[in-house]
Amino acid sequence: MKATAKTRCPYCSHRLDGGKRRPSREHPLSETLGSSWNRWETCDACNRELGKLVDQPFADKLWVREQRHFHQIRDARGRLPGPPELLGELEDGTPVRVIMHRGGWYPKMLPTVEDLGNKQVRIRVDADDADPHAVLARKRARLEKQLGKPIEDLSVDDQTVNNPRVTVRGVEDTFLWPQMGAKVALSAAHELLGDDWLDTPHARWLQDVLWRRPTKPSAPFAPLAPTAEVLSPNAYHGLFRPPEHVVMVLNGQHGAAVQLVLFGRNRYLVPVGTSVDIPTVWWIDPLSRRHERLPFGEFGAKLVTRQQQLAA
Ligand SMILES: [Zn+2]
């Protein structure tokens, strides 16, 4: 298939117009991930909807926040991400927040108030809090307000929990990777194959995945994987450098496939169903917020240079 004009939106197939379907600047990989790659061949309606449906929930995923914090990747407004937190509890049931700091994870006790009977109340605060006494004073004031009288006796007991075992809970939405994969693949393939490709059953299937419509791929393809593969540091001989993102469109047995590598460590594969004339790579550096689009051959040559640098 020859590359043709791009006058339609890859996410809804509508012709771009001056109304709801007017062209808008869209980031196939969201700016929150540090990606500067953007296109004008997306309609305004899809841009807005997919920001809410895919980009934001994907950026909110725990491992994405952890990677952004670890590599200090700024968002679109230039803000640095703080460490993500998980709620959990110690073995005795004490609620804690687990701070996933880039220098090491640690738990922090949440303040609790416990009625021990006999007019005794135990207030527990984390001694490592910025100001444990202020937290204690606030808790005490609230309690006095509830009781309607001052607390007469107050003793402070210091305790430390060493190497605590913490149970944490998390939610994993197994539809977000397929949606993000479909979104990037639709944009990358549309860029290389043009409007005609949008009329293939395969492109329509990817749109169904993107919009969470119940769907099945045509043979010989399988549904998209629920999660990405985590590359070991030695995969590709360390050629991918965290936290770079790489979007590769390469030809295979059943047409092209988009290989997405996020933060230099998570690999996700999306078949496109049609071969491309020129295998192409988008090479994205989230730290400098720059990207390059280049033919795969040229990218390969740059990787060889990298390998030589590694060997030296
Ligand atoms: Zn659209």
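Two strands count as paired here if DSSP finds at least two bridges between them. Keep that in mind for the sheets below, and remember that this is a predicted model.

**View 1. An open sheet of four strands, lined up as β5-β4-β3-β8.** The pairing in this sheet is antiparallel. Which strands stand at the edges? They are β5 (104-109) and β8 (166-168), and each has a single partner strand, so one side of each is left without a neighbour in the sheet. Going from one strand to the next, the twist averages 40°. As background, strands of a sheet pair through backbone hydrogen bonds, and they can do that in a parallel or an antiparallel way.

**View 2. Zooming in on β3, β4 and β5, with their bridges and hairpins.** Start with β3 (residues 85-90) and β4 (residues 95-101): they run antiparallel, and five bridges hold the pair together. Two places to look are Leu87, which sits opposite Arg97 in β4, and Glu85, whose bridge partner in β4 is Ile99. The hairpin of β3 and β4 has four residues between the strands, and there Gly93 takes a positive phi near 95°. Now move on to β4 and β5, which pair over six bridges, again in the antiparallel sense. Here you can find Met100 with its bridge partner Trp105 in β5. The hairpin from β4 to β5 passes through two residues.

**View 3. The hairpin of β6 and β7.** Strand β6 covers residues 112-117 and strand β7 covers residues 120-124, and the two pair antiparallel over five bridges. Look for Val113, which has Ile123 in β7 as its bridge partner. How many residues lie between the two strands? There are two, and Asn118 in the turn has a positive phi of about 50°.

**View 4. Helices α1 and α4 packed against each other.** Helix α1 spans residues 44-59 and helix α4 spans residues 176-193. The two pack at an angle of about 115°, and their axes are 10 Å apart. Is the crossing left-handed or right-handed? For α1 and α4 it's left-handed. On the α1 side, look for Leu50, Val54, Pro57 and Phe58; they meet Leu176, Gln179, Met180 and Lys183 of α4. Sorted by class, that contact has six nonpolar residues, one polar and one charged.

**View 5. An open sheet of six strands and the helices on it.** The strand order is β9-β12-β11-β10-β13-β14, with antiparallel pairing. At the edges you'll find β9 (229-230) and β14 (290-295); each of them has a single partner strand, so one side of each has no neighbour in the sheet. Inside the sheet, β10 (residues 245-252) and β13 (residues 280-285) pair antiparallel over five bridges, and Val246 stands opposite Trp283 in β13. Helix α4 packs on this sheet too, touching β10, β11 (255-262), β12 (266-271) and β13, and its direction makes about 125° with that of β11. Then there's helix α6 (residues 296-311), which lies across β10, β13 and β14 and runs at about 115° to β14.

**View 6. Backbone oddities: two cis peptide bonds and a positive phi.** Most residues other than glycine have a negative phi, and most peptide bonds are trans. Against that background, look at the bond from Ala219 to Pro220: it is cis, with omega near 5°. Pro220 belongs to the loop between α5 (201-210) and β9. Another cis bond joins Pro242 and Pro243, with omega about 0°, and Pro243 is in the loop between β9 and β10. Where is Ser13? You'll find Ser13 in the segment before β1 (23-26); its phi is positive, about 70°, although it is not a glycine.

**View 7. Stepping back to the domains and the overall outline.** The domain assignment gives domain 1 (23-61 + 173-311) and domain 2 (85-168). The C-alpha centres of these two domains are 45 Å apart. In total, the secondary structure comes to six helices and 14 strands. Why call the protein more spread out than a compact globule? Its radius of gyration is 25 Å, well over the 20 Å that the globule rule gives for 312 residues, so the protein is more spread out than a compact globule. Along its principal axes, the C-alpha trace spans about 85 × 55 × 35 Å.

Definitions and conventions
Residues numbered from 1 in each chain as written. Predicted model: local features only at pLDDT ≥ 70, side-chain atom pairs only at ≥ 80, totals over all residues. Axes fitted to C-alpha atoms, helices over the stretch in contact; angles between N-to-C directions. Left-handed = near helix turned anticlockwise from the far one by under 90°. Contact = placed C-beta atoms within 7 Å. Nonpolar A, V, L, I, M, F, W, Y, C, P; charged D, E, K, R; others polar. Domains from an automatic or database assignment. Rg over C-alpha atoms; globule rule 2.2 N^0.38 Å.
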